Amino acid sequence: MAQAVFNRYEKKYLMTEEIYRKLRFQIKNDMQEDEYGLHTICNIYYDTPQSLLIRRSLEKPVYKEKLRLRSYGIPDLHSDVFLEIKKKYKGIVNKRRIQLTLEEAYQYLEHGNRPEKKSQILNEIDYLLQIYPLKQGIYLAYDRIALFGRKDPEFRVTFDKNIRSRRTMMGLENGDFGTKLLPDFYYLMETKILGATPVWFSRILSELEIYPISFSKYGNIYKKEQGVWNQWERKNIEQTGRREIC
C-alpha cells in the first residue's frame with residue numbers, strides 16, 4: 001500500500017487566458033512541464049450532511065482539514081486511486097495519502113470494511129470517520145497542467161481550468177462531467193513550494209499584475225450554491241483587474 005506525505009506552502013492566483021499565455025511564455029526557460037501533460041484530476045470530497053467541513057473551512061480557521069478520494073482520469077473499480085487527508089495549519093499545507101483500488105476505497109468509506117494493512121494514515125482517517133458522519137459530499141474535477149522548476153524541481157506550479165462539479169452520480173467511475181464553476185477563459189494557478197517563492201518568479205507575477213487570492217474550489221462551489229457567489233465574483237474580478245465574468 002503506497003503512502004505519501006507532503007508539506008508545503010501553497011498560493012493561488014486567478015487569471016484570464018491572455019495573462020496565462022503571457023506567463024507561460026515568460027517562464028518557459030525556467031519551468032518544465034511534467035510528464036503527464038494536460039490531464040484530468042477527479043475527486044470526491046467527503047463531508048457531513050450539513051457540509052460542516054467546508055463551512056468551517058470557509059471561516060478561515062487556524063486549522064482545517066478535508067477528506068477526499070482522488071483519481072487521475074476516469075477509473076474503474078480495479079484502478080488505483082488515492083485516499084487523502086488534506087490539512088492546513090498556519091498556512092502550511094499537509095497532505096497525507098494512501099493508494100488503494102477504487103473498490104477497496106468504497107468498501108472502506110461506504111461500508112466500513114477497513115483495508116487489512118498497517119498504516120498511520122489509515123489510523124488518522126479512522127479517527128476522522130469516527131468523529132464526523134462523513135458521506136460523499138461533492139464530485140469535483142478539473143483539467144491540469146503541472147510544471148516544475150528546471151533548477152529547483154521542488155518548486156511546482158499548476159494551472160487548472162474547466163473546474164466542474166456535481167452532487168449526483170458522484171462515483172469516480174461515472175465520468176468527469178459536471179457544472180462549470182468559472183468561464184472557459186479563466187485559469188486557477190497554484191504555486192507549491194517548501195520555502196520561499198523564487199525571486200525571478202515573483203518579479204514576473206508583479207510585472208503581469210498577478211496577485212494571490214483566497215480560493216477554495218469546493219468552497220466557492222458551495223458559496224455559489226448558497227447564493228453568495230456574486231459577492232466573491234466582484235471581489236476577485238476586481239483583484240485580477242481583468243474583464244468581468246459575463
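**Exercise 1. Classify Val62 by accessibility and place it in the structure.**

*Solution.* Val62 has a relative accessibility of 53%, so it counts as exposed (buried means under 20% relative accessible area, exposed over 50%, partly exposed in between, with a 1.4 Å probe and protein chains only). The model is predicted: local features need pLDDT of at least 70, side-chain atom pairs count only at pLDDT 80 or more, and totals for chains, interfaces and linings use all residues. Residues are numbered from 1 along each chain as its sequence is written, and side-chain values use heavy atoms, with hydrogens and water left out.

Next, the location: Val62 lies in the loop between α2 (52–58) and β4 (63–72) (helices, H or I with at least four residues, and strands, E with at least two, are DSSP runs numbered from the N terminus). Finally, Val62, Tyr63 and Tyr89 make a nonpolar surface patch of about 310 Å². Patches consist of residues with over 30% relative accessible area and no salt bridge, where like charges are joined within 9 Å and nonpolar side chains (Val, Leu, Ile, Met, Phe, Trp, Tyr) within 5 Å. Accessible areas come from the Shrake-Rupley method with a 1.4 Å probe, and for residues only the protein chains shown count as cover.

**Exercise 2. Describe the salt bridges of Glu18, Glu84 and Glu124.**

*Solution.* A salt bridge is a side-chain nitrogen of Lys or Arg within 4 Å of a carboxyl oxygen of Asp or Glu; the whole structure holds 20 of them.

1. Glu18 pairs with Lys22, with 3.5 Å between the closest N and O atoms. Both residues belong to helix α1 (residues 17–27) and are four residues apart, about one turn of the helix. Glu18 is exposed at 51% relative accessibility, whereas Lys22 is partly exposed at 40%.
2. Glu84 meets Arg68 at 2.6 Å, N to O. Because Glu84 lies in strand β5 (residues 80–89) and Arg68 in strand β4, this pair ties together parts 16 residues apart in sequence. Both Glu84 and Arg68 are buried.
3. Glu124 meets Lys87 at 3.3 Å, N to O. Glu124 lies in helix α4 (residues 120–131) and Lys87 in strand β5, so the parts tied together are 37 residues apart in sequence. Glu124 is buried, with a relative accessible area of 17%.

**Exercise 3. Identify the nonpolar cores and the elements that supply them.**

*Solution.* A nonpolar core is a set of buried Ala, Val, Leu, Ile, Met, Phe, Trp, Tyr and Cys residues joined through side-chain atoms within 4.5 Å. The largest has 26 residues, of which Tyr46, Leu67, Leu69, Leu83 and Leu172 touch the most other members. Among the elements that each supply at least two residues are β3 (39–47), β6 (92–101) and β7 (135–149). Helix α3 gives the most, with five residues. A second, separate core of 20 residues includes Tyr20, Leu147, Val157 and Phe159.

**Exercise 4. Characterise the chain as a whole.**

*Solution.* Begin with the secondary structure, which comes to seven helices and 11 strands. The radius of gyration is 18 Å, close to the 18 Å that the globule rule gives for 246 residues, so the chain is as compact as a globular protein of that length (the radius is taken over C-alpha atoms, and the rule is 2.2 Å times the number of residues to the power 0.38). Of the 246 residues, 50% count as buried. The chain exposes about 12,700 Å², with carbon and sulfur atoms supplying 49% of it.
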